[in-house]
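Reader: I should be grateful for a close look at a single part of this model, beginning with one residue and its contacts and then widening to the surroundings. Please set the answer out as one connected account.

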Amino acid sequence: MKNFFFKPSTLVVNENIKRLLVLRAVGLAGQVIAVLLAIYHLGIKLPVVQLFSVFFVASVWGFISILLLRNVKKTTDHVFFLQLVFDVLELTAVLYLTGGATNPFAW
């Protein structure tokens, strides 16, 4: 009866990582679309090579995470924390390359 109401922590971490990977994919697609719109529609000059290098690294990290974590039955909070740290670093790099503190999305 206890397991009916409370899930073990490893199941919660697995579900959270799955959600995070989906959110990362959606966020990455949105970032790519926003950068392409800014470059081609609005005519804003951005460091395209650096931005798409960051997007490429994020895509590779996401695919590797999916491949490594789909066969793992138990994951720890440390793995989830590492995934979140990567997302923060990726978003920081994108904000830095698109204007830093002058970027309206930074606020």
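Author: In this predicted model, a suitable starting point is Leu46, which, once neighbours within four places in sequence are set aside, is in contact with Val35, Ala38, Ile39, Leu51, Leu97 and Thr98. Leu46 also belongs to the largest nonpolar core, a set of 12 residues. Of the contacts just named, Val35, Ala38, Ile39, Leu51 and Leu97 are members of that core. The remaining members are Leu28, Val54, Phe55, Ala58, Phe86 and Val94. Three helices, H2 (9-41), H3 and H4, each supply at least two residues of the core. A general tendency applies here: in soluble globular proteins, nonpolar side chains tend to be buried together.

Two of these helices merit a description as a pair. Packed helices are described in general by the angle between their axes and the distance between the axes. For H3 (residues 48-69) and H4 (residues 77-97), the axes come within 10 Å and cross at roughly 165°. An angle over 145 degrees counts as roughly antiparallel, and H3 and H4 are therefore roughly antiparallel to each other. Their crossing is left-handed. On the H3 side, the residues that meet H4 are Gln50, Leu51, Val54, Phe55, Val57, Ala58, Trp61, Ser65 and Leu69. H4 contributes Val79, Leu82, Gln83, Phe86, Glu90, Ala93, Val94 and Leu97 to this contact. By class, the contact of H3 with H4 comprises 13 nonpolar, three polar and one charged residues.

The loop between H3 and H4 offers a further point of detail, for it holds Thr75. Thr75 has a relative accessibility of 6% and therefore counts as buried. Asn14, which is placed in helix H2, is likewise buried, because its relative accessible area is 14%, and the cut-off is 20%. Apart from residues up to four places away in sequence, Asn14 touches Lys73, Lys74 and Thr75. Thr75 and Asn14 lie 61 residues apart along the chain, and their C-alpha atoms are separated by 6.3 Å.

The whole chain provides the setting for these details. The protein chain has four helices and zero strands, and its elements run α-α-α-α from the N terminus on. Of its 107 residues, 26% count as buried. Among contacts in the protein chain with a separation of 6 or more, 70% are accounted for by residues 24 or more positions apart.

Conventions: Residues numbered from 1 in each chain as written. Predicted model: local features only at pLDDT ≥ 70, side-chain atom pairs only at ≥ 80, totals over all residues. Heavy atoms only, no water. Axes fitted to C-alpha atoms, helices over the stretch in contact; angles between N-to-C directions. Parallel < 35°, antiparallel > 145°, perpendicular 65-115°, else oblique. Left-handed = near helix turned anticlockwise from the far one by under 90°. Contact = heavy atoms within 4.5 Å. Nonpolar A, V, L, I, M, F, W, Y, C, P; charged D, E, K, R; others polar. Core = buried A, V, L, I, M, F, W, Y, C linked by side-chain atoms within 4.5 Å. Buried < 20%, exposed > 50% of the residue type's maximum accessible area, 1.4 Å probe, protein only.
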